[in-house]
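Subject: Structure for your review

Dear colleague,

Please find below the structure that I am handing over to you. My notes on what was found in it follow directly after.

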Amino acid sequence: MALRNVVKIGDPILNKKSRVVEKFDDRLATLIDDMFETMYNAQGVGLAAVQVGLLKRVVVIDVGDGPMELVNPEITSREGEQRESEGCLSVPGKYGVCVRPAKVTVKAQDRTGKWHVYTGEGLKARCFCHELDHLEGILFTSKVIGGLQE
């Protein structure tokens, strides 16, 4: 495993849409392992491949209940609403309140291509939405209500 550099706001790659993963191989497994190591090292709870400079539909998440790898993730349902503060490893030192669903269900593949369904509430729901937005080239800063805080 290796630490990867986290791309920061201002880099145009963060505004690009990520591509579907079609090859489930050792390179994908290494990317996922590296993303976990990078996320944990930066004390984050989620990281998208675009944040390490790769336009692949890959996300890693760990909100404290164990690591989750999401390849080609899609949100299949959203319920309710929450307004909470978010930050981003690509926007260091800045936070802002975003409106997100209170409960989210996601279907995604793992590193081997097997499909899984995950449901999250609270922080996990926010994390699903935040990281999947990255795959569409959307930063949380565009969803902040009331302005960014330091």
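Which residue of β3 does Val60 stand opposite? Val60 faces Glu69 there. Please bear in mind throughout that this is a predicted model.

The five-stranded sheet

The strands β1-β2-β3-β6-β7, in that order, make up an open sheet of five with antiparallel pairing. Its edges are β1 and β7 (115-121), each of which pairs on one side only. From one strand to the next, the twist averages 35°.

Within this sheet, four bridges join β2 and β3 in the antiparallel sense. One of the residue pairs involves Val59, whose bridge partner in β3 is Leu70. The two strands form a hairpin with six residues between them, and Gly64 in its turn has a positive phi of about 115°. On to the next pairing: β3 and β6 are antiparallel and share six bridges, and Glu79 stands opposite Lys103 of β6.

Helix α1 and its surroundings

Helix α1 lies across β1, β2 and β3 and runs at about 40° to β2. The helix has 16 residues and spans 22 Å from its first C-alpha to its last, close to the 22 Å expected at 1.5 Å a residue. At its N-terminal end the cap is Asp25, with a side-chain oxygen 3.2 Å from the backbone nitrogen of Arg27. Just after the helix, Gln43 adopts a positive phi of about 60°.

The buried residues of α1 are Leu28, Ala29, Leu31, Ile32, Asp34, Met35, Phe36, Thr38 and Met39. The elements that cover them include β1 (46-48), β2 and β3.

Thr38, which is found in α1 (residues 26-41), deserves a separate remark. Is Thr38 buried or exposed? Thr38 counts as buried because its relative accessibility is 3%, where the cut-off for burial is under 20%. Leaving aside residues up to four places away in sequence, Thr38 touches Ala2, Leu3, Arg4, Val6, Leu47 and Val52.

Gly10 belongs to the segment before α1. This residue is exposed, with a relative accessible area of 70%. Gly10 and Val91 are 81 residues apart in sequence, and their C-alpha atoms are 9.3 Å apart in space.

The three-stranded sheet

A further open sheet consists of three strands in the order β4-β5-β8, again with antiparallel pairing. The edge strands here are β4 (82-88) and β8 (144-149), each pairing on one side only. Neighbouring strands of this sheet are turned by 20° against each other on average, direction ignored. Between β4 and β5 (residues 91-100), which run antiparallel, there are seven bridges. Arg83 has Val99 of β5 as its bridge partner. Helix α2 (residues 123-135) packs on this sheet and touches β4 and β5; its direction makes about 50° with that of β4.

Nonpolar cores

In soluble globular proteins, nonpolar side chains tend to be buried together. The largest nonpolar core in the model has 20 residues, of which Val59, Ile61, Leu70 and Phe128 touch the most other members. Two or more residues come from each of β2 (58-61), β3 (68-79), β6 (103-109) and α2. Which element gives the most to this core? That element is α2, with six residues.

Phe128 has an extensive list of neighbours: not counting residues up to four places away in sequence, Phe128 touches Ile61, Met68, Leu70, Val104, Val106, Tyr118, Thr119 and Gly120. Apart from this core lies another, of 13 residues, among them Val21, Leu28, Met35 and Val52.

Points to look at in the viewer

As you go through the model, the following places may serve as starting points:

- the pair Val59 and Leu70, bridge partners that are also among the residues touching the most other members of the largest core;
- Thr38 of α1, with contacts that include Leu47 and Val52;
- helix α2, which packs on the three-stranded sheet and gives six residues to the largest core.

With kind regards

Methods
Residues are numbered from 1 along each chain as its sequence is written. This is a predicted model: local features need pLDDT of at least 70, side-chain atom pairs count only at pLDDT 80 or more; totals for chains, interfaces and linings use all residues. Side-chain values use heavy atoms; hydrogens and water are left out. Two strands pair if DSSP finds at least two bridges between them. Axes are lines fitted to C-alpha atoms, for helices over the stretch in contact, and angles run from 0 to 180 degrees between N-to-C directions. Contact means heavy atoms within 4.5 Å. A nonpolar core is a set of buried Ala, Val, Leu, Ile, Met, Phe, Trp, Tyr and Cys residues joined through side-chain atoms within 4.5 Å. Buried means under 20% relative accessible area, exposed over 50%, partly exposed in between (1.4 Å probe, protein chains only). The expected span of a helix is 1.5 Å times one less than its number of residues. A polar contact is a pair of N or O atoms within 3.5 Å; within protein, one must be able to donate a hydrogen and the other to accept it, and residues adjacent in sequence count only if both atoms are side-chain atoms.
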